Amino acid sequence: MKRCPQCSRVETDDALVYCRVDGAALNSDSASAFNETETRILPHTADASIDRSTASTTALPVTLPPPTRHQSKSKLSIILIALGAAMGLVVIVVLVIAAGNYLYLSRQSGAAIQSIAVMPFVNESGNADNEYLSDGMTETLISSLSQLPNLSVKARSSVFRYKGKATDSRTVGKELNVQAILNGRVVQRGDQLTLSLELVDAQTENVIWSERYNRKQSDLISLQTEIAREVSQKLKTKLSGADEQRLAKNYTANTEAYRLYLRGRFHWNKRAEKDILKAIEYFQQAVVIDPSYALAFTGLADSYSMLPEYSNSPPREIRLKAHEFALKALALDNNLAEAHSALGAILETS
C-alpha cells in the first residue's frame with residue numbers, strides 16, 4: 001500500500017505511482033499505518049458482523065482519475081495562445097487609435113496643408129446678375145493662393161466643373177487628390193457684401209476653420225487680400241517677406257475697375273462670340289478708369305486672341321491687337337504671370 005504525502009490518502013493498489021486526487025508521487029506505507037488509517041475512517045457501528053474488508057472498501061470515496069500531464073500541458077498551451085491573441089488584438093487597437101490621434105493632432109497643431117481646392121463660391125444674393133461676383137472672387141483667390149510656395153492649388157478648370165452640383169468634401173478631395181476644400185457663399189444686398197468661408201479637411205470632413213465677413217462694396221479689394229492672408233495662415237503655410245507681398249498685391253486700387261474686370265472674365269469664360277465681345281467692353285471700361293491696370297490689359301489680350309475661334313473676325317488683324325495688349329500688360333508689370341501666358345498663347349497661334 002502507498003500513501004499520498006500531500007493529502008494523506010491511502011492507496012491499496014501498489015501499481016499506482018501518483019495520487020489520484022492531486023497527482024503527487026505516492027510513498028510506500030506499512031501495514032500498521034494502513035490499519036490505523038483504516039480504523040480512523042471506518043464508520044462506527046454496533047454490528048460486529050460487518051466484514052472489515054468490506055467496510056474499508058465502502059469508506060473510500062469514489063474519484064475521477066486526474067488529468068494526465070500531457071492533457072494539463074495541452075490545456076495550458078491553449079490558454080496561453082488565447083491570452084496571447086487577445087493581447088495582440090489589444091495592442092493593434094491601441095496602435096491604430098494612437099496613430100489616428102497623432103495624425104489628427106499633428107494636423108491641428110501645426111502640420112501644413114499642402115494641397116487645396118477652392119470650390120466655386122455660391123451666389124446666394126437671389127440675383128443672377130451677381131454671379132460674376134461669386135465666380136470672380138473664387139478666381140481671384142485661386143490666383144492669389146497659387147503664388148504660395150509648397151501649396152498645390154487646383155486650377156479653375158478643375159473646380160468649376162463642380163459648380164451647381166451637390167458633392168461632399170470627401171468625394172471632391174479624393175477626385176482632386178487634395179487635403180483641404182474651401183467653400184464660400186456670397187450675398188450682396190445693396191451696398192453690403194457678406195462672404196462666408198469654410199475650410200474643410202477633405203479626409204475627415206471636419207471643419208478646420210470658418211469665418212464670416214461683412215463689408216461694404218467699396219471694400220471688395222481689401223477683402224480679397226484679407227481672405228487670401230487668413231486662408232494661408234489656416235493652411236499653416238510659411239511665407240517669406242516676398243511671399244507676403246505677392247499675396248497682398250492689388251493690381252488696382254479702384255473698386256469699380258476691379259468689378260469691371262470681374263465682369264469681363266465672367267463673360268470671357270463663357271466662350272461664345274457675344275460674350276467675348278461683352279468681355280472686351282468691360283475690360284476697355286476698366287482700363288479707362290485705371291490705365292495702369294495690367295490685368296485688364298491681359299483680359300483684352302486674351303479676348304482678342306480667342307475671338308477668331310468663335311467669330312468671322314480676320315485672324316491676323318485681331319491677333320495683332322491681342323499682341324499689342326499683351327505687351328502693354330507686360331510693360332506695366334513684367335512679373336505678371338497672366339500677361340506672359342497670354343503672350344505665349346498669341347505667339348503660338350501666329
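## Exercises on a predicted fold

Not counting neighbours within four places in sequence, Thr194 is in contact with Arg185, Val186, Val187, Arg212, Tyr213 and Asn214; contact here means heavy atoms within 4.5 Å. The model is predicted, so local features need pLDDT of at least 70 and side-chain atom pairs count only at pLDDT 80 or more, while totals for chains, interfaces and linings use all residues. Residues are numbered from 1 along each chain as its sequence is written, and side-chain values use heavy atoms, with hydrogens and water left out.

**Exercise 1. Place Thr194 in the fold and find the polar contact its side chain makes.**

Step 1: Thr194 belongs to strand β8, residues 192–201. Helices (H or I, at least four residues) and strands (E, at least two) are DSSP runs numbered from the N terminus.

Step 2: Thr194 has a relative accessible area of 14%, so it is buried. The cut-offs are under 20% for buried, over 50% for exposed and in between for partly exposed, with a 1.4 Å probe and protein chains only.

Step 3: The side chain of Thr194 has a polar contact of 2.9 Å with that of Asn214. A polar contact is a pair of N or O atoms within 3.5 Å; within protein, one must be able to donate a hydrogen and the other to accept it, and residues adjacent in sequence count only if both atoms are side-chain atoms.

**Exercise 2. Do the same for Tyr213: locate it, then list what it touches.**

Step 1: Tyr213 sits in strand β9, residues 207–216, and its relative accessibility of 2% makes it buried.

Step 2: Beyond four places in sequence, Tyr213 touches Leu193, Thr194, Leu195, Leu197, Leu223, Glu226, Ile227 and Glu230. With Glu230 there is also a side-chain polar contact, at 2.9 Å.

Step 3: For a longer jump, take Val186: it is 27 residues from Tyr213 in sequence and 9.7 Å away in space, C-alpha to C-alpha.

**Exercise 3. Check the span of helix α12 and work out how its buried residues are arranged.**

Step 1: α12 runs over residues 315–332, which is 18 residues. The expected span is 1.5 Å times one less than the number of residues. For α12 that comes to 26 Å, and the end C-alpha atoms are 26 Å apart, so the two agree.

Step 2: Buried in α12 are Ile318, Arg319, Ala322, Phe325, Ala326, Ala329 and Leu330. They cover an arc of only 140° around the axis, which puts them on the same side of α12; the arc is that of the directions from the helix axis to the C-beta atoms.

Step 3: The spacing has a simple background. An α-helix has 3.6 residues a turn, so residues three or four places apart point the same way.

Step 4: Turn α12 round, and the face away from the buried side carries the exposed residues Arg316, Leu320, Glu324 and Ala331. The buried residues of α12 pack against α11 (294–310) and α13 (337–349).

**Exercise 4. Say how enclosed α11 is and what it gives to the largest nonpolar core.**

Step 1: α11 has 17 residues and reaches 25 Å from first to last C-alpha, close to the expected 24 Å.

Step 2: Of those 17 residues, 15 are buried, so α11 is largely enclosed by the rest of the structure.

Step 3: The largest nonpolar core has 75 residues, and Ile116, Met137, Leu182 and Ile227 touch the most other members. α11 gives the most to this core, with 9 residues. A nonpolar core is a set of buried Ala, Val, Leu, Ile, Met, Phe, Trp, Tyr and Cys residues joined through side-chain atoms within 4.5 Å.

Step 4: Take Met137 from that list. Skipping neighbours within four places, its contacts are Phe121, Val186, Leu195, Leu220, Leu223, Gln224 and Ile227.

**Exercise 5. Compare the surroundings of Leu176 and Asn177, then look at phi.**

Step 1: Leu176 lies in helix α6, residues 169–176, and at 5% relative accessibility it counts as buried. Asn177 is in the loop between α6 and β7 (180–189), and its 64% makes it exposed.

Step 2: Phi of Asn177 is near 55°, a positive value in a residue other than glycine. Most residues other than glycine have a negative phi.

Step 3: Glu205, in the loop between β8 and β9, also has a positive phi, about 65°, although it is not a glycine. Glu205 counts as partly exposed, at 36%.
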